[in-house]
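Please look over the sequence and the structure below before reading on. The report that follows takes up a few sites and elements in turn.

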Amino acid sequence: MNFPEYRPRRLRRTDALRRMIRETRLSVDDLVYPMFVVPGSGVAKPIPSMPGQFNWSVDKAVDEAARAHDLGIPAVILFGIPERKDAVGSDAWNAGGVVQKAIRAIKKRCPELIVIADACFCEYTDHGHCGILHDGELDNDASLENLARLAVSYAKAGVDIVAPSGMLDGFVGACRESLDEEGFEQIAIMAYSAKYASGYYGPFRDAAQSAPQSGDRRGYQMDPGNAAEAAREVAMDVAEGADIIMVKPALAYLDIVRMVSDDTNMPIAAYAVSGEYAMIEAAAEKGWIDRERVVMETLLGIRRAGADMILTYHAPYAAELLAKGSRRA
Ligand code: PBG
Ligand code: ZN
């Protein structure tokens, strides 16, 4: 493999050669589209820090999910912003809550579309933490009981996959046990296994009105310096019955995506979070980067790192480009 006998440029000469040689490809099948559901009807409220993303009332969420489905996107993941918040986030497991309504309505309109529901309490608690607080600390085991309720309420509404995101110890097992007890052994769990305490969640917290009122989430989300700990978290979640393992955020944690995909034989998801979306959109809006190139290159990079699927707010945009036959993917 030495120059001048070997010349790598030989296989880069034409588009056809580059296509034939390409090792990783992005497909619409890899995409999951996150959506924010709010009370009311006829609502499509733009999220300022996430241009092109909206808070949708259930009726509008159904239209948007149908658009994603028509574009060939296999799945959406739903986040809810409730009418009222309280100390424990009890509206989360309300059978008539926004997410439960949206699940029912989307499955009715698009039965084949996979509906995933994020299972956490930060959007539902008045203090903005991901469970019940006890002396200012997240009470892990008490919060698990409510998480179990929440998972079952999603299953009753017809969800396909429950995605617990609070980084509570034992959260996958609590969901699996309660789902199985209630006869929902076919409902899968997408575990936010390696979820880091990240500044990249900023725009999401605006969109979901879920910023903690005091303190931060470093007591339950992972420290950004840790990789071996991610391996332990993943091993726990697999043992507790996770069906899909997620790493989050994506870009700043591609080494973790690579490690997890090398070390486990589970399907791996990576979440390209709100701040990653916002950075690309802001720079593209200023004309500083080429949106199409950067979106496709970023998603491809996440796939190349080992992710089987990508949760991304760019899902409809990328699906449109893929349908046009964008060679950049
Ligand atoms: C809630 C949750 C968060 C995200 C997904 N689920 C935010 C947080 O932990 O504050 C972040 C998603 C994003 O930034 O796009 N547990
Ligand atoms: Zn949360």
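The sections below describe a serine in a strand, a metal site, an enclosed helix and the nonpolar cores.

## Basis of the description

The coordinates discussed here belong to a predicted model, and the distances and angles quoted below should be read with that in mind.

## Ser 57 and its surroundings

Ser 57 belongs to strand S3, which spans residues 54-57. With a relative accessible area of 0%, Ser 57 counts as buried, because the cut-off for that term is under 20%.

The side chain of Ser 57 has two polar partners to consider: it reaches the backbone nitrogen of Gly 42 at 3.1 Å, and it makes a polar contact with the side chain of Asp 59 at 2.5 Å. When neighbours within four places in sequence are set aside, Ser 57 is in contact with Val 37, Val 38, Pro 39, Gly 40, Ser 41, Gly 42 and Val 43, so that Gly 42 appears both in this list and as the residue whose backbone nitrogen the serine side chain reaches.

## The zinc site

The zinc ion (ligand 2) is coordinated by the SG atoms of Cys 120, Cys 122 and Cys 130, at 2.2 to 2.3 Å. Along the chain, the donors of this ion follow the spacing C-x1-C-x7-C. The site is tetrahedral, with angles of 98 to 123° among its four donor atoms. Of the cysteines named here, Cys 122 and Cys 130 are buried.

## Helix H5

Helix H5 (residues 171-181) is largely enclosed by the rest of the structure, because eight of its eleven residues are buried. These buried residues are Phe 171, Val 172, Gly 173, Ala 174, Cys 175, Arg 176, Ser 178 and Leu 179.

The elements against which the buried residues of H5 pack are two helices, H4 (140-157) and H7 (228-240), and two strands, S8 (161-164) and S9 (188-195). Just after H5, Gly 183 takes a positive phi of about 85°.

## Nonpolar cores

In soluble globular proteins, nonpolar side chains tend to be buried together. In this model the largest nonpolar core has 84 residues, and Leu 78, Ile 103 and Tyr 154 are those with the most contacts inside it. Helix H4 supplies the largest share of this core, eight residues.

Leaving out residues up to four places away in sequence, Ile 103 touches Leu 78, Val 115, Ala 117, Tyr 154, Ala 157, Gly 158 and Val 159. Apart from the largest core lies another core, of 28 residues, among them Met 50, Tyr 192, Ala 207 and Tyr 271.

Notes
Residues numbered from 1 in each chain as written. Chains lettered and ligands numbered in written order. Predicted model: local features only at pLDDT ≥ 70, side-chain atom pairs only at ≥ 80, totals over all residues. Heavy atoms only, no water. Helix = DSSP H or I, 4+ residues; strand = E, 2+ residues; numbered from the N terminus. Buried < 20%, exposed > 50% of the residue type's maximum accessible area, 1.4 Å probe, protein only. Polar contact = N/O pair within 3.5 Å; in protein donor to acceptor, adjacent residues only side chain to side chain. Contact = heavy atoms within 4.5 Å. Donors = N, O, S within 2.8 Å, 3.2 Å for Na, K, Ca; no water. Tetrahedral: all angles 85-135°; square planar, octahedral: opposite > 155°, others 65-115°. Core = buried A, V, L, I, M, F, W, Y, C linked by side-chain atoms within 4.5 Å.
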